[in-house]
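I set out to record what I looked up in this structure, entry by entry. The notes begin with the aromatic rings and then turn to the cores, the overall surface and a single serine.

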Amino acid sequence: MSNVEKLLCMNGGEGETSYATNSVVQEEVMLKAKPILEESLRELYLGTFPSCLRIADFGCSSGPNTLLFVSKITDIISSACQEVNHKEPTFLVFLNDLPGNDFNTIFRSLPSFYEKLRKDKGMEFGPCFIGGMPGTFYERLFPDHYLHFAHSSYSLHWRSQVPEELNKGNIYIAKTSPMSVYTSYLQQFERDFTLFLTSRSLEMIPGGYMVLTMIGSDKNFLSGNHSYTIFELLGLTLNDMVQEGLVQEEKLDSFNMPYYAPTAEEVRHVIKTEGSSKHKRGTYVATTIRVVSESILASHFGEEIMDNLFERFAIKMDEYLVTEKGVYANIVVSMKRKNN
Ligand SMILES: C[S@@+](CC[C@H](N)C(=O)[O-])C[C@H]1O[C@@H](n2cnc3c(N)ncnc32)[C@H](O)[C@@H]1O
């Protein structure tokens, strides 16, 4: 696992700045992607009728969305079974995230989650078994030909490494970044996403399905006149703090965010080149930045400036949103593993 992956984790617990309390955007995105999830799961199940359906959620984090995903898949399969009058399968669901993820909070909520499933669905249902699979999803995590269905929502924009290039005054690709910074980010995305696809293609049964949702971008950094990105604005906020002597300039210059939001074309290109999946559909549908970026920023800039940084960042965002729409692009990809 890379250094970035050792440091990265969403804010744990259930407090005001925890991921669990601030994952409404991700929930909305998951709901928007539900028709695609539904279509893929039904096609998979009704085409194969496995007695035990093995599913993994990559980058599950710890919050309401973690088990919401499990509820959604059990609902989709239950209604498909009712339609064709077929006995429900056993569900085996693996929740994957980096080892630093707050798995304990998830595991503590499992008894009441199982209880609710039994109450809502009756004794005929399942059963459903849920386990954790800690590790980076840019490596192998499961045995050969094991998973029927792979899912990942709002996680694949995290990079395993950051560009080494000097990106003076910025923490992400910005108007003032040299072109080499953009190229390095893109190449890192291509390496990471290829590793993800290759690892999953070995782990999935032939004909298995995969639905991935990630933050995307409709920006063309090559044109040089893109509108500001969130992390460009966070970089500008850190820059203001450098001017006021609150953050060391050298600290800002030596930091790059392990994040890259690809365009739909960049995603398509990697899927095509990697070659193990048939790309079924790509759609574009739109974070709360602190909960997802605080651990990595605090480890570099220091915990003590986080409140100050994010208060300032909120003001900068307000100013920016007066003139810009601030729309997010989301990319949802549904794929089927080739049969050979
Ligand atoms: C924004 S959260 C999304 C969580 C959840 N899927 C949702 O939709 O609310 C992104 C998650 O991806 C995880 N993640 C990032 N890089 C990862 C990697 N290389 N391997 C496994 N998980 C990773 C992070 O730790 C984080 O929990």
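**Aromatic pairs**

I searched the predicted model for paired aromatic rings and found 18 pairs in the structure. I then examined one of them, Tyr-45 with Phe-49: the ring centres lie 5.2 Å apart and the planes meet at 75°, so I entered the pair as edge-to-face. The angle decides the class here, because planes over 60 degrees apart count as edge-to-face.

I next asked whether each partner is buried or exposed. Tyr-45 has a relative accessibility of 1% and is therefore buried. Phe-49 has 32% and is partly exposed. The cut-off for buried is under 20%.

I also followed ring pairs from residue to residue. They link a cluster made up of Trp-158, Tyr-172, Tyr-185, Phe-189, Phe-193, Phe-231, Tyr-259 and Tyr-260.

**Charges over rings**

I looked for charged ends placed over rings and noted two cases. Arg-54 has its charged end over the ring of Tyr-146, at 4.5 Å from the ring centre. Arg-200 has its charged end over the ring of Phe-196, at 4.8 Å from the centre.

**Nonpolar cores**

I then listed the nonpolar cores. The largest contains 59 residues, and Phe-58, Phe-193, Phe-196, Leu-197, Met-257, Leu-297 and Phe-301 have the most contacts inside it. Helix H6 (residues 179-203) gives this core its largest share, eight residues. A second core is separate and holds 31 residues, among them Cys-81, Phe-91, Cys-128 and Val-211.

Two names recur across my entries. Phe-193 belongs to the ring cluster and is among the residues with the most contacts in the largest core. Phe-196, listed with it for that core, carries the charged end of Arg-200 over its ring.

As background I noted that nonpolar side chains tend to be buried together in soluble globular proteins.

**Whole protein**

I recorded the overall values next. The protein has eleven helices and seven strands. Of its 340 residues, 55% are buried. The exposed surface is about 15,100 Å², of which carbon and sulfur atoms supply 53%.

**Ser-109**

I closed with one residue. Where does Ser-109 lie? I located Ser-109 in helix H5 (residues 103-121). Its relative accessible area is 27%, so Ser-109 is partly exposed. I also checked its separation from Leu-67: the two are 42 residues apart in sequence, and their C-alpha atoms are 9.1 Å apart in space.

Terms used
Residues numbered from 1 in each chain as written. Predicted model: local features only at pLDDT ≥ 70, side-chain atom pairs only at ≥ 80, totals over all residues. Heavy atoms only, no water. Helix = DSSP H or I, 4+ residues; strand = E, 2+ residues; numbered from the N terminus. Buried < 20%, exposed > 50% of the residue type's maximum accessible area, 1.4 Å probe, protein only. Phe/Tyr/Trp six-rings, centres within 6.5 Å; stacked < 30°, edge-to-face > 60°. Lys NZ or Arg CZ within 6 Å of the ring centre and 35° of its normal. Areas by Shrake-Rupley, 256 points an atom, 1.4 Å probe, with all protein chains shown as cover. Core = buried A, V, L, I, M, F, W, Y, C linked by side-chain atoms within 4.5 Å.
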